[in-house]
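Reader: I have a new model open on my screen and would love some company while I look through it. Shall we go through it together?

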Amino acid sequence: MLTNCQILQESELPIVLVGLFIEEPTPFLSDFLVNVQRLNYTRKRIHLFVHNSVEYHTTQVDTFLAKYGFQYASQQVVHSSINPMSELEARNFALDKCRQLNCDYYLALDSVARLELPETLSVLIESNRTIVAPLLSRPGKLWSNFWAAITKDGYYARSHDYVDLVRRNRVGIWNVPHIMNAYLIEGNFIRESLEGNTKLNLSYYDKDFARKPILTFTHQLRNSNVFQYMINTHEFGHLVDPTSYNLSNTHPDFYQLIDNMQDWERHYLHEDYYQLLDDNSTTEQPCQDVFWFPLVSDLFCTHLIEIMEAFGQWSSGTNHDPRIEGGYESVPTRDIHMRQVGLQEMWLAFLREYVMPVQLKEFIGYEHDPPRAELAFVVRYNPAEQPSLKPHHDSSTYTLNIALNTPNVDYEGGGCRFARYNCSVTESRKGWALMHPGRLTHYHEGLPVTKGTRYIMVSFVDP
């Protein structure tokens, strides 16, 4: 898609101030920054202003600016941990910065916004509206960055056409009473308002009301009869849901499968996963009824190991195990359960979304829904603790075994031997899973690790 902005010479392009506001802990913040960098617009005509209120995100912001900041006309970052500027002050500061720069447009972006269409900025400029927002919503949900109606006291009200607009059943540019998270404002309008040439006091602050800055901002626009618009002519991107994002977790993004599945997949699902679901694809079988397939990314493996090592409470590897019913483990390993690190519910969702489709394809006729897994855990093998595991049956209908690191790189030896078929899988592939029946037929053992540390993630499905 070629826009009119892209036809203009670089020196003819409007000057844009892009304000980035990180006001709350945000899942997958790196994607937010990458999307800004990927906007298909000459960077020398963009000035960047970043306000970061979350100390956890400081390194990500500074890394981004160190890598790309020099490409822009200017850059300015304010970390609240260093310069205690509030969100309200930062948003007003950005408006005044646009005035000082004599910018043609000001694009305000909150960290929950994901602009995935590179032409978004050009499309917004060419919409020729004083204030306009691209439609963004949480995937599969009706939560969006605009309200189509409001109550008398200025809060959300459901409108008859809201669902059609969010789902893009009706497409166009729509006058709406409230926008947020991502919006473009004409520079002339900002200058005229800030310099007293209109009756509007353009500000995120109102001494008579204690409400969120953006609610104050759009309230003043409505009271001054300044129209706000939402455009849904394109798939511009989406919003992430920060509700459950917990910075006390090691690698908090890892925990976001349920609330931000689309973003989670991009980082943690194996890039070849969906190919194996094709009707014409064939799943590898290194041993009889042992299915071997790509499942999770390298990042998944690295982060899960680091989560477990940070938790550090590896089991003793003895038969006594108070974590399980009855307190006795007949075939003990040195492990940490997913439940111990707050990942049990997420893991059940993972089994349902990504393992069950493979189960249905390979174990034809077995359609237990949803998969159950009381025992899901990461095992650590090394010569100093526990190098191997004796022959045994798993307490499962089928077992999932994911290799989390690489043989002959991270460790030597290791692997899984299926006794009935005298067949071993020793050259594990990081991020690949073995899926095999648990009871009766697939009596197996863990082969000795002779050097280094081997990590695997095991789930006993439908015990």
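Author: Gladly, and let's keep in mind that this is a predicted model. A helix makes a good start: the buried residues of α8 are P213, I214, L215, T216, F217, T218, H219, Q220 and L221.

Reader: How many of the residues of helix α8 are buried?

Author: Helix α8 covers residues 213–223. The buried ones include F217 and H219. The helix is largely enclosed by the rest of the structure, because the buried residues number 9 of the 11.

Reader: Which residue just after α8 takes a positive phi?

Author: The helix itself ends at residue 223. Just after it there is a residue with a phi of about 60°, and that residue is N225.

Reader: Thanks! Now the sheet: in what order do the 8 strands come?

Author: The sheet is open and its pairing is mixed. Its edge strands, each pairing on one side only, are β3 (74–79) and β8 (173–176). From one strand to the next the twist averages 20°. Read across, the order is β3-β2-β1-β4-β10-β6-β11-β8.

Reader: Which residue in β4 is the bridge partner of V18?

Author: Strand β1 spans residues 16–22 and strand β4 spans residues 105–110. The two run parallel and are joined by 6 bridges. Within this pairing, V18 has as its partner in β4 the residue L107.

Reader: And strand β6: which strand pairs with it in the antiparallel sense, and which one runs parallel to it?

Author: Strand β6 (residues 131–134) is covered on both faces, with I131 and A133 buried on one side and V132 and P134 buried on the other. Two pairings can be seen through single residues: I131 has I185 as its bridge partner in β10, and P134 stands opposite I231 in β11. The antiparallel pairing, over 2 bridges, is with β10 (residues 182–186). The parallel one, with 3 bridges, is with β11 (residues 228–231).

Reader: Let's turn to the empty space. Which element supplies the largest share of the lining of the largest pocket?

Author: The largest pocket has a volume of about 690 Å³. Its lining has 27 residues, and E24, W143, M180, N181 and K212 lie nearest its centre. Two helices, α4 (87–101) and α8, each supply at least two residues. The largest share, 3 residues, comes from α8.

Reader: How do the residues of that lining divide into nonpolar, polar and charged?

Author: Among the residues nearest the centre of the largest pocket are W143 and K212. For the lining of this pocket, the division is 15 nonpolar, 5 polar and 7 charged.

Reader: Which residues lie nearest the centre of the second largest pocket?

Author: This pocket holds about 500 Å³ of space. Strands that give two or more residues to its lining include β16 (375–381), β17 (389–392) and β25 (454–461). By class, the lining has 13 nonpolar, 12 polar and 7 charged residues. Of the 32 lining residues, those nearest the centre are V331, F377, H392, D394 and F460.

Reader: On to the cysteines. Which residue forms a disulfide with C98?

Author: The structure holds 2 disulfides. In the one with C98, the sulfur atoms are 1.7 Å apart. The link is left-handed, with -60° about the S-S bond, and both cysteines are buried. The partner of C98 is C103.

Reader: How many residues apart in sequence are the parts that C287 and C423 tie together?

Author: The disulfide between C287 and C423 has an S to S distance of 2.0 Å. Its torsion about the S-S bond is about -80°, so this disulfide is left-handed. C287 lies in strand β13 (residues 284–287) and C423 in strand β21 (residues 423–425), so the parts tied together are apart in sequence by 136 residues.

Reader: Why is C416 not bonded to C287, its closest cysteine by sulfur distance?

Author: C416 counts as buried, because its relative accessibility is 5%. A disulfide needs the two sulfur atoms within 2.5 Å. The sulfur of C416 is too far from that of C287 for a bond, because the distance is 7.8 Å.

Reader: And how far is the sulfur of C301 from the closest cysteine sulfur?

Author: C301 is buried, with a relative accessible area of 0%. Its closest cysteine sulfur is in C416, too far for a bond, at a distance of 17 Å.

Notes
Residues are numbered from 1 along each chain as its sequence is written. This is a predicted model: local features need pLDDT of at least 70, side-chain atom pairs count only at pLDDT 80 or more; totals for chains, interfaces and linings use all residues. Side-chain values use heavy atoms; hydrogens and water are left out. Two strands pair if DSSP finds at least two bridges between them. Helices (H or I, at least four residues) and strands (E, at least two) are DSSP runs, numbered from the N terminus. Axes are lines fitted to C-alpha atoms, for helices over the stretch in contact, and angles run from 0 to 180 degrees between N-to-C directions. Buried means under 20% relative accessible area, exposed over 50%, partly exposed in between (1.4 Å probe, protein chains only). On a 1 Å grid over the protein atoms alone, a cavity is a set of points where a 1.4 Å probe fits but cannot get out, and a pocket is an open set with protein on both sides within 12 Å along at least five of seven lines; lining residues have an atom within 4 Å of a point. Grid points are joined across faces, edges and corners, and a volume is the space filled by probe spheres set on the points. Ala, Val, Leu, Ile, Met, Phe, Trp, Tyr, Cys and Pro count as nonpolar, Asp, Glu, Lys and Arg as charged, and the others, Gly among them, as polar.
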